[in-house]
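Colleague: I would like to learn how to read the internal spaces and the metal site of a model. Could you take me through them in order?

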Amino acid sequence: MEEDRLIEIFKWLHQHPELGMEERQTTEYIRRILTENSVRLLETGLETGLIAELGTGKAPTVALRADMDALPVQEATGLPYASVNPGVMHACGHDFHSACMLGAALLLKEREDTLPGTVKVIFQPSEEVNRGSALMVSTGLLDDVQLFLSGHTYPWYPAGFLGIRPGPVMAAADRFIVRIKGKGCHAAHPENGDDPIPALVAVITAFQTIISRSTDPFDSAVVSITRVEAGNTWNVIPESAEMEGTLRAMTKTVRDGIHRRMEQMAADTAKAYGCEAVVEFERGPDPVVNDAGICERAADTARQLGMRAEVNPPTMIAEDFSEYLRLAPGAMFRVGTGGSYDNHHPSFTADPSALFPAARFFATLAIQELDHLRDSNQM
Ligand code: NI
């Protein structure tokens, strides 16, 4: 696997972004390169996404995971290989992830005969809307995986840097909708109704105390209200009001505690205003919790390869990588990709020079983890 060739692949992927569940061209492109290099592909039965397999086909088995989807963003990087698809852009670096794990697969292919087990390389569709990982898991093809590894582009470290942090690194993210039912009436005679608007305002104010008054100060969590809606004219008190937002937490206990607190606060506050409140939750991904042993060994691997390993800060952003961690332990690392803009920004860029070292890091770590699993089985 030549570095120049890998950068070419990355640039092609960057130029041809596709939204979640529409990654047909991307899937075809990656499939063609893997097939040309005689890499085995597993039959997923899915329209987009791929799972490649290298090595003995027997235990121990580890997995490398990339995601492939882009965002509905109009690219503003001015790069010579900018998106050719209007309104769609690889603004989160999933093109980098796909190229990186493709590179790792091809590096592993070069030494396939010596692999002490199996490496499955996952090219997952639709991470941005948190659907793809559950689909990949539902194929059953990952049931035998003993350890999952993944990486994410990180603009705040330059190329050659890795962020490796044990424990919770990314948040659980749930969506909530609060619906308040009151009694509408003429705005000139509010005494004839139960106005849901002051009730909603009181619930919003009450929610501001969930983190400050009901959450352990040593735990991290967020409640953000992002949409508020009620009424449609000036002289009618509406029947109902609603709001929605997101809650984020790093542990299951905190997450569940906030759910209960929100339900209780909304119901009791609304009741004081003569209204009824219902909270609906749409559960998103679990938190991503990195295995400490893997992180320690990964930092060693990084140093052996001349990379800089740092302990990156955790984030309240969510990742559906956590779905794989229900099957087996794993870790997700930050891959320094430089640039001056955050992920999801129209000017986000990933430094191509970060690519080959990252691919080599994941290939090397996969082999070292196979060795580690084999050794620990023999003990
Ligand atoms: Ni992303």
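Modeller: What follows goes through the pockets, the cavities, the nickel ion and one helix residue. Keep in mind that this is a predicted model.

Colleague: Let us begin with the pockets. What is the volume of the largest pocket, and which residues lie nearest its centre?

Modeller: A pocket is an open space, unlike a cavity, from which the probe cannot get out. Here the largest pocket has a volume of about 670 Å³. Its lining comprises 29 residues, and Arg 248, Ile 317, Ala 318, Glu 319 and His 344 are the ones nearest the centre. Two or more lining residues come from each of β5, β8 (172-181), β12 (240-249) and β13 (276-283). Strand β8 contributes the most, with 3 residues.

Colleague: How many residues of that lining are nonpolar, polar and charged?

Modeller: The lining of the largest pocket has 11 nonpolar, 8 polar and 10 charged residues.

Colleague: Where does the largest pocket lie with respect to the domains, and why?

Modeller: The thing to check is which domains supply the lining. Domain 1 (3-169 + 287-378) and domain 2 (172-283) both give residues to the lining of the largest pocket, so this pocket lies between them.

Colleague: Which residues line the second largest pocket, and what is its volume?

Modeller: The second largest pocket holds about 170 Å³ of space. Its lining is made of Arg 165, Pro 168, Phe 218, Asp 219, Ser 220, Met 250, Thr 251, Val 254, Pro 314, Thr 315 and Met 316. By class these divide into 6 nonpolar, 3 polar and 2 charged. Domain 1 and domain 2 each supply at least three residues to this lining.

Colleague: Now the closed spaces. How many cavities of 30 Å³ or more does the structure hold?

Modeller: There are 3 cavities of 30 Å³ or more, and the largest cavity has about 50 Å³ of space. The residues lining the largest cavity are Arg 65, Ala 66, His 97, Cys 100, Met 101, Ser 150, Gly 151, His 152, Val 335 and Phe 362. The elements giving two or more residues to that lining are β3 (61-67), α3 (94-110) and β5 (147-154). As to class, the lining has 5 nonpolar, 4 polar and 1 charged residues.

Colleague: His 152 is in that list. Which protein donors does the nickel ion have?

Modeller: For a metal site, read the donor atoms and their distances, then their places in the chain. The protein donors of the nickel ion are Cys 92 (SG), His 94 (NE2) and His 152 (NE2), at 2.2 to 2.3 Å from the ion. Along the chain the donors follow the spacing C-x1-H-x57-H. Cys 92, in the loop between β3 and α3, and His 152, in strand β5, are 60 residues apart, and the pair links distant parts of the chain.

Colleague: Are Cys 92 and His 152 buried or exposed?

Modeller: Buried means under 20% relative accessible area. Cys 92 counts as buried because its relative accessibility is 7%, and His 152 counts as buried because its value is 6%.

Colleague: Last, the helix residue. Where does Ile 7 lie, and which residues does Ile 7 touch?

Modeller: Ile 7 lies in helix α1 (residues 3-15). With 16% relative accessibility, Ile 7 counts as buried. Leaving out residues up to four places away in sequence, Ile 7 touches Pro 352 and Leu 355. Ile 7 and Pro 72 are 65 residues apart in sequence, and their C-alpha atoms are 24 Å apart in space.

Methods. Residues are numbered from 1 along each chain as its sequence is written. This is a predicted model: local features need pLDDT of at least 70, side-chain atom pairs count only at pLDDT 80 or more; totals for chains, interfaces and linings use all residues. Side-chain values use heavy atoms; hydrogens and water are left out. On a 1 Å grid over the protein atoms alone, a cavity is a set of points where a 1.4 Å probe fits but cannot get out, and a pocket is an open set with protein on both sides within 12 Å along at least five of seven lines; lining residues have an atom within 4 Å of a point. Grid points are joined across faces, edges and corners, and a volume is the space filled by probe spheres set on the points. Helices (H or I, at least four residues) and strands (E, at least two) are DSSP runs, numbered from the N terminus. Ala, Val, Leu, Ile, Met, Phe, Trp, Tyr, Cys and Pro count as nonpolar, Asp, Glu, Lys and Arg as charged, and the others, Gly among them, as polar. Domain bounds come from an automatic or database domain assignment. Donors are N, O and S atoms within 2.8 Å of the metal (3.2 Å for Na, K and Ca); water is not among the atoms, so sites may look incomplete. Buried means under 20% relative accessible area, exposed over 50%, partly exposed in between (1.4 Å probe, protein chains only). Contact means heavy atoms within 4.5 Å.
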